[in-house]
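Me: I would like a close look at a single part of the structure below, followed outward to whatever surrounds it. Please keep it to what can be computed from the coordinates, in one connected account.

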Amino acid sequence: MDTRLINIGFGNIVAANRIIAIVSPDSAPIKRIIQEARDKGILIDATYGRRTRAVVITDSGHVVLSAVQPETVAHRFTSKDLMTDEEDEAEAAEPAAEPE
């Protein structure tokens with residue numbers, strides 16, 4: 001069985017077949033999931049001190065925080081080429097567009 005790996009930013013990689021959901025961290029229920037994972041010791045912070053833009057939930061119950069937009073991570077499931085670390089850093093440094 002071939003395991004596909006997904007770059008979630010800054011050289012951090014998650015096994016695609018273990019991902020259940022990729023969500024935005026803005027809602028109260030997701031914030032609760034993050035806090036509960038932190039309390040249980042199953043939170044993985046892969047933001048490198050940047051703002052959390054995506055929360056990856058795995059089938060093992062681990063919660064992974066990423067500084068890359070959820071749409072970008074989801075796009076990498078279908079894309080063959082991966083962004084470089086420099087492109088990830090540039091994306092994370094840009095302010096997120098406010099919804100209208």
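Reply: Two strands are taken as paired here if DSSP finds at least two bridges between them. The model is a predicted one, and the part chosen is its open sheet, in which four strands follow the order β3-β5-β6-β4 with mixed pairing. At the edges lie β3 (19–23) and β4 (43–46), each of which pairs on one side only. From one strand to the next, the twist averages 20 degrees.

For the setting, the protein has three helices and six strands, arranged along the sequence as β-β-β-α-β-β-β-α-α. It has 100 residues, of which 35% count as buried. Among contacts between residues at least 6 apart in sequence, 55% join residues at least 24 apart. The accessible surface comes to about 6,200 Å², with 52% of it on carbon and sulfur atoms.

The strand to follow is β6. Strands of a sheet pair through backbone hydrogen bonds, in either a parallel or an antiparallel sense. Strand β6 (residues 63–66) takes part in both kinds. With β4, the pairing is parallel and runs over four bridges. In that pair, Asp 45 has Leu 65 as its bridge partner, and Ala 46 stands opposite Ser 66. With β5, the sense is antiparallel, again over four bridges, and Val 56 stands opposite Val 64. β5 and β6 also form a hairpin with four residues between them. In its turn, Gly 61 has a positive phi of about 95 degrees.

Both faces of β6 are covered. Val 63 and Leu 65 are buried on one side, and Val 64 and Ser 66 are buried on the other. The side chains of two of these residues can be followed into separate nonpolar cores. Val 64 belongs to the largest one, which has ten residues: Ile 6, Ile 8, Val 14, Ala 16, Ile 19, Ala 46, Val 56, Val 64, Val 68 and Val 73. Val 56, the residue opposite Val 64, is in this core too, as is Ala 46. Val 63 belongs instead to another core, which lies apart from the largest one and has seven residues, including Ala 37, Val 55 and Ile 57. In soluble globular proteins, nonpolar side chains tend to be buried together.

The helices come next. Helix α1 (residues 28–40) lies across β3, β4, β5 (54–58) and β6, at about 115 degrees to β6. Helix α2 (residues 70–78) lies across β3 and β5, at about 145 degrees to β3. Ala 37, a member of the seven-residue core, falls within the range of α1. Val 73, a member of the largest core, falls within that of α2.

One further member of the largest core, Ile 6, shows what else reaches this region. Leaving out residues up to four places away in sequence, Ile 6 touches Asn 12, Ile 13, Val 14, Ala 16, Val 73, Arg 76 and Phe 77.

The loop between β5 and β6 also holds Asp 59, which forms a salt bridge with Arg 18. Their closest N and O atoms are 2.7 Å apart. Arg 18 sits in the loop between β2 (12–15) and β3, so the pair links parts of the chain that are 41 residues apart. Exposed or buried, how do the two partners stand? Both fall in between: the relative accessible area is 43% for Asp 59 and 38% for Arg 18, and each is partly exposed. A search of the whole structure finds one salt bridge.

Two other loops have a residue with a positive phi that is not a glycine. Tyr 48, in the loop between β4 and β5, has a phi near 55 degrees. Phe 10, in the loop between β1 and β2, has a phi of about 55 degrees. Their surroundings are not alike: Tyr 48 is exposed, with a relative accessible area of 54%, whereas Phe 10 counts as buried, at 9%.

How values were computed: Residues numbered from 1 in each chain as written. Predicted model: local features only at pLDDT ≥ 70, side-chain atom pairs only at ≥ 80, totals over all residues. Heavy atoms only, no water. Axes fitted to C-alpha atoms, helices over the stretch in contact; angles between N-to-C directions. Contact = heavy atoms within 4.5 Å. Core = buried A, V, L, I, M, F, W, Y, C linked by side-chain atoms within 4.5 Å. Buried < 20%, exposed > 50% of the residue type's maximum accessible area, 1.4 Å probe, protein only. Salt bridge = Lys/Arg side-chain N within 4 Å of Asp/Glu carboxyl O. Areas by Shrake-Rupley, 256 points an atom, 1.4 Å probe, with all protein chains shown as cover.
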